[in-house]
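Here is a short tour of a protein model, with a look at its surface patches and a few residues around them. Have the structure open as you read.

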Amino acid sequence: FNEAGCFLKGFSHEHWSDELHSAHFYKEVPDAFAAGVSEPAFSPEYVTFCLWATYDDTAWQNAAVKFLSGDDSDGSAFLLSDLDGRIETYQRFASQYYEERIPLGAIKSIYAHCDLTDELVKSLNSKLTVSDMKKDLSTIGYPAE
């Protein structure tokens, strides 16, 4: 995410082919997202899908790279399925990822951008307090008591 909009790059091992060249995916990406295209931490050479949307776009854009036919030919449907905006979907993902039950009430509070309190933070991570997160909260502009 940046001041222009959102850039999203993904990689699915199951959909990778030596015939896919990263340059094809990035050829139409607006200059405003150049940092995302070249960021080494994102392993730009490994890509099976690339999407972007500026705040002026009405739909996601892509470079129209040709794939074999199929319901999920680039792996994006599977990899992005957890980003459906549903609280229950995130709870399932987070509980699996962190290997512990994540309280639905805490997730609802965060989705609603409720102020973080020590009680809310501790319900997610008993080792943290709001003051431990002040720098991160300031950086992302998230409200806290």
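The notes below cover two surface patches and three residues.

This is a predicted model, in which local features need pLDDT of at least 70, side-chain atom pairs count only at pLDDT 80 or more, and totals for chains, interfaces and linings use all residues. Residues are numbered from 1 along each chain as its sequence is written, and side-chain values use heavy atoms, with hydrogens and water left out.

Let us begin with charge: D115, D118, D132 and E145 form a negative patch on the surface. Patch members have over 30% relative accessible area and no salt bridge, with like charges joined within 9 Å and nonpolar side chains (Val, Leu, Ile, Met, Phe, Trp, Tyr) within 5 Å. A salt bridge here is a side-chain nitrogen of Lys or Arg within 4 Å of a carboxyl oxygen of Asp or Glu. Accessible areas follow the Shrake-Rupley method with a 1.4 Å probe.

The nonpolar patch, about 460 Å², comes from Y90, Y97, Y98 and Y111. Helix α4 (residues 87–98) contributes the most to this patch, with three residues.

Three residues can be set side by side; buried means under 20% relative accessible area, exposed over 50%, and partly exposed in between. Helices are DSSP runs of H or I with at least four residues, numbered from the N terminus.

| Residue | Helix | Relative accessibility | Class |
|---|---|---|---|
| D118 | α6 (residues 118–124) | 39% | partly exposed |
| S76 | α3 (residues 76–79) | 17% | buried |
| Y90 | α4 | 31% | partly exposed |

What does S76 touch, not counting residues up to four places away in sequence? Its contacts (heavy atoms within 4.5 Å) are F49 and S81.

Terms used
Lys, Arg positive; Asp, Glu negative; His and termini not counted. Charge placed at Lys NZ, Arg CZ, Asp CG, Glu CD. Helix = DSSP H or I, 4+ residues; strand = E, 2+ residues; numbered from the N terminus. Buried < 20%, exposed > 50% of the residue type's maximum accessible area, 1.4 Å probe, protein only.
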